[in-house]
Amino acid sequence: MMIIGNVLDQHEVVALREAAESIPYEDGRKTAGRYAREVKHNTQAGATTERDAILAKVKKALNRHEVFQSAARPRHFARMLVSRYRPGMAYGTHVDDPIMKGSRTDLSFTLFLSELDAYEGGGLVIEDAIEERVLRLQPGDLVLYPTSALHRVEPVSWGERLAVVGWVTSWVRDPAQREILYDLDETTRAIFDAYGKTEAFDRLFKAKSNLYRMWAEG
Ligand SMILES: O=C(O)CCC(=O)C(=O)O
Ligand SMILES: [Fe+2]
């Protein structure tokens with residue numbers, strides 16, 4: 001699990017939030033699986049060109065974001081939604097579908113759009129083996145988490161919570177392998193910054209690239 005700050009800058013967040021405020025929403029149960037449907041009480045933007053323009057901007061921001069790329073290694077986005085919670089809405093404990101629109105879902109993300117003082121409640125709660133984490137992030141910040149995790153959205157008691165949620169099919173399916181590649185990205189960058197493109201750098205970068213190729217699926 002990872003929090004990635006400033007995926008959108010303040011200017012971009014305001015523009016996307018305003019766009020998200022003025023499009024039509026429909027019952028979120030439309031895209032929920034058999035059991036998740038029982039506990040999903042929210043709305044999501046219907047398929048309009050305005051919604052698609054919002055999602056395209058988010059996709060572009062994620063594709064140019066080095067940390068997101070290094071952590072998620074997206075092959076593509078299986079699905080993206082603009083979601084809206086108003087008072088009384090919540091999404092109870094569930095797991096997301098393993099396959100969406102014919103693609104395996106490896107990682108889920110929530111990109112928060114609303115100001116923290118624009119709603120009460122609405123924390124994203126993610127369970128791991130040891131504890132539950134409650135996340136309520138600043139607009140423009142994103143949490144990336146394994147799609148395998150149980151999670152929920154706490155009831156919104158006041159205001160409005162807007163977010164873009166999405167699912168990534170990763171080139172590298174195994175989280176342990178993704179972590180090794182992420183560490184090697186960080187290390188190669190640090191060695192390059194400190195010593196430049198030395199022979200040792202070339203050898204390390206070659207090893208990283210070869211591991212990536214070995215593990216990449218598709
Ligand atoms: O809105 C969120 O933070 C997560 C929503 C969610 O779990 C889902 O749409 O499957
Ligand atoms: Fe979910």
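Two strands count as paired if DSSP finds at least two bridges between them. The structure examined in these exercises is a predicted model.

**Exercise 1. Strand E11 and its partners**

Determine how strand E11 pairs with strand E14 and with strand E12, and which residues of E11 form its covered face.

Solution.

Step 1. Locate the strands: E11 comprises residues 124-127, and E14 comprises residues 151-153. Antiparallel pairing links E11 to E14 through 3 bridges, which satisfies the requirement of at least two. Within this pair, Ile-126 is positioned opposite His-151 of E14.

Step 2. Turn to E12, which spans residues 132-135. This strand is also antiparallel to E11, with 4 bridges between them. Glu-127 has Glu-132 in E12 as its bridge partner. The two strands make a hairpin, with 4 residues separating them.

Step 3. Sort the residues of E11 by face. Leu-124 and Ile-126 make up the covered face, while Val-125 and Glu-127 belong to the uncovered face.

**Exercise 2. The sheet that contains E11**

State the strand order of the open sheet to which E11 belongs, and identify the edge strands.

Solution.

Step 1. Recall the general principle. Strands of a sheet pair through backbone hydrogen bonds, in a parallel or an antiparallel manner.

Step 2. Write the order. The open sheet has 5 strands, arranged E3-E6-E14-E11-E12, and the pairing is antiparallel.

Step 3. Find the edges. Strand E3 (40-41) and E12 are the edge strands, each pairing on one side only.

Step 4. Examine the link between E6 and E14. Strand E6 covers residues 90-94 and is joined to E14 by 2 bridges in the antiparallel sense. Here Tyr-91 is found opposite Val-153 of E14.

**Exercise 3. The second open sheet and a helix across it**

Describe the open sheet of 7 strands and the placement of helix H2.

Solution.

Step 1. The strand order is E1-E13-E9-E16-E5-E4-E2, with antiparallel pairing. Its edge strands are E1 (2-4) and E2 (25-27), each of which pairs on one side only. From one strand to the next, the average twist is 30°.

Step 2. Consider one pair in detail. Strand E9 (residues 107-112) and strand E13 (residues 142-146) run antiparallel and are joined by 5 bridges. Phe-109 faces Leu-144 of E13 as its opposite residue.

Step 3. Place the helix. H2, residues 49-63, lies across E4, E5, E9 and E16, and its direction is at about 130° to E5.

**Exercise 4. The shell around ligand 1**

List the residues that surround ligand 1 and classify them.

Solution.

Step 1. The surrounding residues are Ser-83, Tyr-91, Asp-96, Thr-110, Leu-124, His-151, Val-153, Ala-163 and Val-165.

Step 2. Divided by class, this shell holds 5 nonpolar, 3 polar and 1 charged residues.

Step 3. Assign strands: E14 and E16 (161-170) each contribute at least two residues to the shell.

**Exercise 5. Annotated positions**

Which residues carry the UniProt feature "binding site", and is each of them buried or partly exposed?

Solution.

Step 1. Begin with the record. An unreviewed UniProt entry gives the feature "binding site" at His-94, Asp-96 and His-151. These positions are spread over 58 residues of sequence, yet they cluster in space, the largest C-alpha distance being 8.8 Å. The unreviewed entry also places a "binding site" feature at Arg-161.

Step 2. Assess His-94, which is located in strand E6. His-94 counts as partly exposed because it has 18 C-beta neighbours inside 10 Å, whereas a buried residue requires 20 or more. Beyond its sequence neighbours up to four places away, His-94 touches Tyr-35, Ala-36, Val-39 and Arg-152.

Step 3. Assess Asp-96, which sits in the loop between E6 and strand E7 (99-100). Asp-96 is buried, because 20 other C-beta atoms lie within 10 Å. With the same exclusion of residues up to four places away in sequence, Asp-96 touches Thr-105, Ser-108, Thr-147 and Trp-167.

Step 4. Assess Arg-161, a residue of strand E16. Arg-161 is buried, because 26 other C-beta atoms lie within 10 Å. Among the residues it touches are Tyr-85, Ser-114 and Tyr-119.

Step 5. Add the domain annotation. The unreviewed UniProt entry assigns "domain: Fe2OG dioxygenase" to residues 76-170. Over this range the chain is 0% helix and 61% strand, and the end C-alpha atoms are 7 Å apart.

Methods: Residues numbered from 1 in each chain as written. Chains lettered and ligands numbered in written order. Predicted model: local features only at pLDDT ≥ 70, side-chain atom pairs only at ≥ 80, totals over all residues. Buried ≥ 20, exposed ≤ 12 C-beta atoms within 10 Å, placed from the backbone. UniProt positions renumbered as here; feature names shortened; annotations may be inferred. Near = placed C-beta within 6 Å. Nonpolar A, V, L, I, M, F, W, Y, C, P; charged D, E, K, R; others polar. Contact = placed C-beta atoms within 7 Å. Axes fitted to C-alpha atoms, helices over the stretch in contact; angles between N-to-C directions.
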